[in-house]
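Student: Could you walk me through one part of this model in close detail? I'd like to see how it fits into its surroundings.

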Amino acid sequence: MGLTLLDIDRLCCGYGKRAILGDISFALGAGELLALIGPNGVGKTTLFKTILGLMPRLSGAIRLNGEEIARWPRRRFARQVGYVPQAHTPPFPFLVRDVAAMGRVARHGLFGKPGKADMDAAHAALDDLGIGALAAVRYTEISGGERQLVLIARALAQAPRLLIMDEPTSSLDYGNQLKTLAHVRRLAARQNLGILLTTHHPDHALLHATRTLTLDRHGRAALGAPAEVITEDYLSQTYGIASEIHVIRRRDGREARLCVPEAG
Amino acid sequence: MSVPAASTPVETQAPARRFRRGAAASSSPWRLAALLSCLCALFILSFAVGRYPVAPLTALSVLAAQILPLTPHWEGNVDIVVLGIRLPRILAALLVGAALSVSGAAYQGLFRNPLVSPGILGVSAGAGFGAALAILLGFGMMGIQLSAFLGGMLAVGTTWAIGASIARRGDPALPMLLAGVIVGTLFTAFISLVKFAADPDDTLPSITFWLMGSLASLHFGELAAAAALILPGAALLIALGWTLNVLCFGDEEARALGLATGRIRLLVIVCATLITAAAVAISGIIGLVGLVAPHLARMLAGPDHRALLPVSALIGGGFLLAVDDLARSLFAVEIPLGIVTAIIGAPFFLYLLRRGQKWD
């Protein structure tokens with residue numbers, strides 16, 4: 001793990017006085033991909049929104065590069081942290097390149113607009129994800145998977161140190177899921193980005209994550225290497241599905257872990 | 001971005017499909033040029049509309065004589081008709097139409113809802129109540145306009161207070177719209193109450209006529225006062241164009257992208273309310289323009305608010321000017337502008353919206 005980027009210390013989050021997640025602590029380093037897995041409704045989105053400052057925390061500390069972010073203005077935060085939400089359709093047909101350029105809004109003022117450098121960054125981010133050809137197409141007319149990629153490009157155009165992704169693969173087909181995850185992992189390595197993402201597939205975490213944070217039904221967290229925390233016990237107790245985790249040997253000789261649910 | 005291209009680029013789609021969709025037209029200079037020429041022609045022709053005959057070229061000469069040393073070859077009455085009566089009315093139509101359309105376009109973006117009109121937060125109902133009350137109390141023209149303006153501001157202030165108090169979590173746009181509908185209904189009831197109390201032979205018809213909208217008998221002073229609010233307010237909204245684009249993706253995404261959305265929303269609502277209240281104060285209630293002009297502008301200039309807001313202003317101003325020309329020339333008795341706007345506007349806009357779908 002490289003330099004610590006994000007430091008979550010005894011964070012408690014929830015709505016009003018009702019705590020949904022209590023006492024979460026973890027640190028995320030540059031170049032690391034931390035996967036968060038857990039059942040529906042346990043508070044993954046709440047945790048993300050709290051870290052992003054979109055809802056007030058109940059207690060605890062959130063530090064970026066060692067500095068508490070509670071009083072940071074939104075612009076300062078957005079220059080450090082990019083957020084990839086789940087794709088949805090806006091009511092108006094903006095062009096893909098404009099959507100990607102919106103990632104630059106923290107870099108020019110309220111009355112500003114993207115300049116040439118901003119548009120270049122947007123195009124570079126689109127090219128980087130292999131969707132440069134969609135730049136002049138309407139965002140409302142592309143597929144859900146393409147929209148998800150555009151939102152990743154928008155977050156990359158922010159030039160952040162940390163990327164927070166809410167189920168980035170949920171609307172992608174099988175091939176694009178794996179390609180996107182592989183790409184995200186490469187980004188983490190090449191740009192020394194820290195990446196925090198949620199996924200519903202244990203295999204995604206087993207294959208790509210450097211570390212994994214699991215949440216069980218009661219919101220209790222466990223942190224460790226994917227193979228340590230994604231266990232047969234965790235899966236059966238959390239999801240009520242018996243699964244086997246097998247270590248297989250690939251043709252190139254490397255080992256991989258796969259989760260195989262019980263048939264029938 | 002310093003990362004080299006991905007070694008396995010994410011596959012998206014077959015080239016054939018991309019070709020079919022093609023690239024969206026991001027700007028259309030010739031359409032804009034056509035719009036501007038139509039607007040100029042309409043401006044000049046509008047001087048010829050009315051009982052007293054004035055040739056368009058003569059009107060142009062009268063206007064030019066204000067800045068150029070021209071020898072008048074026209075009767076003295078023409079000066080009065082062109083400069084004293086028709087010019088303020090033409091400018092008022094352009095100004096009011098532009099104001100309603102700019103605030104309508106800004107609200108549609110802010111609330112991420114293409115069905116929103118400038119009166120959605122209650123400004124029209126509030127202004128109507130202010131005007132009705134002033135007429136009931138026997139105020140003069142200035143008093144009525146001032147009261148209408150303050151009524152509009154009061155209604156939107158109430159909406160903001162209610163909306164902010166019921167917005168707990170989630171998207172704050174919805175509580176604000178809901179509060180606007182409630183406050184609008186409340187102030188409409190207040191209007192009815194004032195009408196109920198009004199003298200049916202004297203003040204009641206005045207209130208009714210005011211509510212139906214008119215640009216007749218406006219003077220330069222009133223026009224200048226309204227313009228002093230509308231022009232800077234519209235300029236500020238246009239300057240916020242790119243920020244409005246980002247707001248279209250919702251409150252949470254806009255905040256995550258680095259915008260202080262609470263303050264921005266307040267700024268947009270204050271600007272839009274100021275310009276709508278100022279417009280309604282001099283014109284009465286005119287519907288439809290602020291709802292539909294932004295849609296036509298979107299067909300012409302795309303959804304980017306940097307272009308959308310100024311083009312909405314041009315379309316809205318031009319439309320209201322054309323309708324006002326008809327209102328004062330169709331029949332011997334002048335029909336209230338609000339009525340003509342709706343009756344002519346509804347089929348016209350429907351036709352254009354259908355055509356627009358074919359353009360895409």
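**Chain A and its contact with chain B**

Tutor: Let's start inside chain A: among its contacts between residues at least 6 apart in sequence, 63% join residues at least 24 apart (two residues are in contact if their C-beta atoms, placed from the backbone, lie within 7 Å). This is a predicted model, so local features need pLDDT of at least 70 and side-chain atom pairs count only at pLDDT 80 or more, while totals for chains, interfaces and linings use all residues. Residues are numbered from 1 along each chain as its sequence is written, and chains are lettered from A and ligands numbered from 1 in the order in which they are written.

Chain A is built from nine helices and 12 strands (DSSP runs numbered from the N terminus: H or I of at least four residues for helices, E of at least two for strands). Its C-alpha trace extends over about 55 × 45 × 35 Å along the principal axes. The radius of gyration of chain A is 19 Å, which agrees with the value near 18 Å for a compact globule of 264 residues (taken over C-alpha atoms; the globule rule is 2.2 Å times the number of residues to the power 0.38).

Now for the side that faces the partner. Here 50 residues of chain A are in contact with 39 residues of chain B. On chain A, helix 2 (74-80), helix 4 (116-128), helix 5 (144-157) and helix 6 (174-190) each supply at least two residues to that side. Helix 6 of chain A gives the most, with seven residues. By class, this side of chain A has 31 nonpolar, eight polar and 11 charged residues (Ala, Val, Leu, Ile, Met, Phe, Trp, Tyr, Cys and Pro count as nonpolar, Asp, Glu, Lys and Arg as charged, and the others, Gly among them, as polar).

And the partner itself? Chain B has 15 helices and zero strands. Its radius of gyration is 23 Å, close to the 21 Å from the globule rule for 360 residues, so chain B is as compact as a globular protein of that length. The C-alpha atoms of chain B fill a box of roughly 80 × 50 × 35 Å along the principal axes. Of the contacts in chain B with a separation of 6 or more, 74% are between residues 24 or more positions apart.

Within chain B, one helix pair makes a nice example: B:L35, B:C38, B:L39 and B:L42 in helix 2 of chain B meet B:L314, B:G318, B:L321 and B:A322 in helix 14 of chain B. That contact has seven nonpolar, one polar and no charged residues.
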